[in-house]
Every structure is written in structure tokens, then in C-alpha cells.
Amino acid sequence: MKNSFFKVTLPIILLIVASFYITAQFIQPAPKKEIIIATGGPNGNYYKTALEYKRLLEEDKIQVTLLNTAGSVENIALLKSGQADVAFVQNGIVNKDANLEFLANIYYEPLWVFYKNEKFTMDYIIQNISKRVSIGIEGSGTRHLSRIILNDNGINEDNTDILDYPNDVARDELIAGNIDAMFIVGSASSKIIQELLENPAVNVLSIKRAKAYSRKYSYLSALDLYEGTIDLYKNLPDEDIKLLSTTANLISNKNVPDELIRILVKKVKEVHDKKTLFASNNQFPNITNTPLEIHPEAKQYFASGDTFLETIFPYWIASNIDRLKILLIPLLTLMFPLFKGVFPLYQWTMRSKIYKWYEILNGVDTRISSLNQDSLRQEYKRLDDLKIEIQEETKVPLAFMGEYYNLIMHIDVIQNRIQVLITKKN
């Protein structure tokens with residue numbers, strides 16, 4: 001048995017291992033577990049959301065670096081230059097770009113227009129004409145969307161004092177009465193937005209023509225914020241409000257490994273698939289309403305969910321198994337002929353344990369006719385010893401016991417011939 005292992009089994013194992021090794025040279029190495037995310041300002045919702053991604057990704061041993069930026073416009077520049085792998089970008093800012101890929105819409109981002117409470121109600125955007133209006137800093141998504149909405153209403157630097165204050169500065173200036181209005185894109189949970197909703201010196205514009213804007217721009221939606229929705233005790237807001245909203249997008253550059261994108265969108269779904277103030281369960285994340293090319297991994301995941309391997313193993317184990325599936329090619333190539341030849345090879349191995357004794361038996365048979373009585377008795381005794389040796393050394397499965405007993409029977413035949421010859425020579 002030991003000899004058969006070295007002669008048969010070991011070469012087969014070595015052949016399979018060698019085939020795996022050669023094939024493995026053609027497999028792309030596993031990516032570095034590092035990702036850089038461009039977020040926005042440290043007080044914004046992008047940054048808050050990125051911190052949640054960071055926590056979840058680092059549980060899977062992925063190093064996450066967050067870049068604070070001015071906002072969506074700067075984030076796009078960082079993606080294109082390769083300084084960021086993934087970025088938060090306000091929908092509607094970037095059109096088709098061969099260097100960028102879309103990952104997901106992750107939540108609604110309403111446009112809020114807060115104005116100074118001077119005992120009158122503002123009904124339309126156009127009523128901001130000739131006033132002092134802050135629309136956010138250069139490079140921010142707020143400024144980009146505000147410009148579009150203001151231009152549609154004929155508002156520009158020629159007829160209005162348009163300012164580029166950061167959100168916290170604009171809030172303070174509005175509360176102090178130094179500016180007339182401020183535009184801000186952000187979540188209802190934003191601290192700045194909640195402070196402004198609570199402040200009696202500030203009103204919020206209910207955009208009556210929100211649906212008209214949403215028909216003109218595919219990336220915009222009309223939302224209803226009902227009285228008391230944010231805080232029932234404080235009754236915030238104190239009336240129904242119509243809002244115009246874009247969505248927050250995740251976008252990547254094309255150099256990010258697929259494995260990192262795959263695990264990122266898994267975490268994104270884990271964070272954003274719950275019911276929120278404006279969205280129902282499983283409404284987000286989604287991959288609708290984008291001019292960008294959708295990343296194949298994001299498309300596959302949102303269409304089909306976890307793969308079979310991902311339901312069994314942790315992600316990185318499933319990913320490595322999937323990457324090694326190319327090794328099935330040499331394995332199957334080897335296994336088909338091996339399966340075909342292994343049974344004859346096994347039969348030959350077992351029978352060779354028996355047939356090797358026939359060489360000794362044949363040598364005795366060819367020379368006994370010329371021996372004298374003493375030599376014949378020695379040969380007879382030698383065959384008795386041979387039986388004992390065969391019994392001790394020849395271990396074969398039951399399926400081959402027929403050959404084994406044929407060998408013993410043939411030894412008996414030769415011994416009978418020897419006895420006949422001894423009798424004749426007396």
C-alpha cells in the first residue's frame with residue numbers, strides 16, 4: 001500500500017498541485033483593502049454618512065480615508081484626478097463622463113429656502129429678486145442647484161446681491177437679519193436646518209411650483225413635508241411645506257477594484273434601505289435616474305443581491321473563492337481523464353501485488369524436473385515458506401481475493417508435482 005501511494009497517488013496529487021500553481025499565475029491578485037471617500041464639510045450630512053460607512057467597512061478590515069471638501073463640485077474633481085476613489089455628489093451636477101461610474105442614489109436632499117420673517121409670506125422663488133441671498137460656497141452642490149433655480153426665475157448678480165457664505169455663517173447672518181434669504185441643500189435631520197425651522201425670526205418657503213421644476217429637471221423631485229413631521233411636540237414645521245429635492249449620489253472613478261465596490265454597495269444598502277422622513281422601506285439605495293454609466297458590480301448587486309457564496313461565507317472569503325474559480329478549468333481537465341484511468345490503474349496496482357510472486361513460482365516450476373530428491377525437498381520447503389510470506393505481505397481487498405487464492409492453488413499444484421517427482425526418484 002505504501003509503495004502504491006508513492007507510485008500512483010503522489011504523482012497525481014503533484015500534477016494537480018502543479019496545474020493549480022500555473023493557473024494561479026494568471027489570476028489577478030487580491031486588491032488592497034483601502035478606499036478614499038470624498039465627503040464634504042465636517043458638519044454636513046455627507047460626512048456623517050461617510051462615518052457610518054467607515055465604521056462598517058473597517059469591521060471588514062478595510063482602511064477608509066475621508067476627505068473633507070467644499071462639496072459636490074470639488075468631489076468630482078477629486079474623482080477625476082484619482083485623489084478620491086468614491087465621492088458623495090449631488091444628483092444633477094455631473095453628466096456623462098467616461099472616467100466616472102455611478103454606484104447609487106442613497107437619499108433625498110431637499111432644497112430649503114429660508115427667509116427673514118418680516119410678517120409676510122413668500123410664495124415664489126422670484127420674490128427673492130433684489131434681495132441679499134446666500135447660495136452656498138463655491139464648489140458646493142447647494143450653489144450649483146441654487147444657480148439653476150434662480151436663473152429660471154431671472155435672478156442674477158445684476159438684480160440681486162448673491163452671496164457665497166458657508167451654511168453656518170449664512171444661518172447666523174439670516175437670524176441676525178443681515179441677509180434676506182439663504183438656500184441650503186440638506187437632510188431634515190441637519191442641525192442647521194432644524195435650528196432654522198425652530199427660530200421664529202425665520203420662515204421656510206413652501207415651493208408651490210415644485211412639481212413644475214421636477215418636470216423640467218429629471219433629477220429633481222417634489223416632496224411634501226407635513227405639519228409636525230419633524231417634531232410633533234414642537235410642531236415642526238408648523239404648516240405643510242412643499243419642497244424641491246435632488247438626491248445624494250455615490251460615484252466612483254473607474255480605477256477602483258470591483259471587490260471594493262461590491263462590499264461598499266453592500267454596506268450602502270445596509271445603511272439606507274430603511275424608512276426615513278421622505279422615503280419608504282427599500283426605496284433607497286437605487287440606481288435609477290442617472291446619466292452616468294452604472295458600475296457593473298452595483299448593477300448586479302441591486303438586481304440580484306448576495307451571491308450564493310456570500311450567503312454562506314463572509315464577503316472576503318466568498319470573493320477569494322470566486323476569484324479562484326478559474327482554477328476549476330485545469331482541475332476538470334485533469335479529473336476527466338483521471339477518473340477514466342484511475343480504476344484500471346487501481347486494478348493493476350492490486351493485481352501486481354499478487355503477480356510478482358509468479359516470477360518465483362515460475363522459476364521453481366522450470367527447474368524441478370532436473371533436481372535430485374534432496375533438492376526437491378528443499379524446494380518443497382521453500383514453497384511452504386513462500387506461502388507464509390505471501391500471507392504476511394500480500395494484503396488485497398476482497399474483490400481481488402480470487403487472484404490471491406489462485407496463487408495459493410498454483411503453489412499447491414507445484415508442490416504436488418514435487419511430491420510426484422520425489423516418489424519417482426525413490
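Is Asn 235 buried, exposed or partly exposed, and what is its relative accessible area? I opened the notebook with this residue, keeping in mind that the model is a predicted one. I found that Asn 235 is partly exposed, its relative accessible area being 27%.

**Entry 1: the loop between β9 and β10**

I placed Asn 235 in the loop that runs between β9 and β10, and I noted for this residue, which is not a glycine, a positive phi near 55°. I then looked up the peptide bonds of this loop and wrote down that the one leading from Leu 236 to Pro 237 is cis, with omega near -10°. Pro 237 itself belongs to the loop between β9 (221-225) and β10. I recorded both entries because most residues other than glycine have a negative phi, and most peptide bonds are trans.

**Entry 2: the loop between α8 and α9**

Which peptide bond joins Phe 284 and Pro 285, cis or trans? I read it as cis, with omega at about -5°, and I located Pro 285 in the loop between α8 (258-272) and α9 (296-304). Asn 282 also has its place in the loop between α8 and α9, and its phi is positive, about 65°, although the residue is not a glycine. I looked up the exposure of Asn 282 as well: this residue is exposed, with a relative accessible area of 52%, which is to be read against a cut-off of over 50% for that class.

**Entry 3: strand β4 and its partners**

I turned next to strand β4, which spans residues 100-116, and noted that the strand is mostly covered, since 17 of its 17 residues are buried. The term buried stands here for a relative accessible area under 20%.

With which strand does β4 pair over 10 bridges, and in what sense? I found strand β10 (residues 241-253), paired with β4 in the antiparallel sense, and within this pairing I looked up Glu 109, whose bridge partner in β10 is Thr 246.

I then followed β4 to strand β7 (residues 181-185), where the pairing is antiparallel and runs over 5 bridges; Leu 111 stands there opposite Val 185 of β7. A further pairing of β4, with strand β8 (residues 202-204), is antiparallel over 3 bridges, and for this one I wrote down that Tyr 115 stands opposite Asn 203 in β8.

**Entry 4: a link between the entries**

I closed by noting that β10, which pairs with β4, also bounds the loop that holds Pro 237 and Asn 235.

Technical notes: Residues numbered from 1 in each chain as written. Predicted model: local features only at pLDDT ≥ 70, side-chain atom pairs only at ≥ 80, totals over all residues. Heavy atoms only, no water. Buried < 20%, exposed > 50% of the residue type's maximum accessible area, 1.4 Å probe, protein only. Helix = DSSP H or I, 4+ residues; strand = E, 2+ residues; numbered from the N terminus. Pairing = 2+ DSSP bridges.
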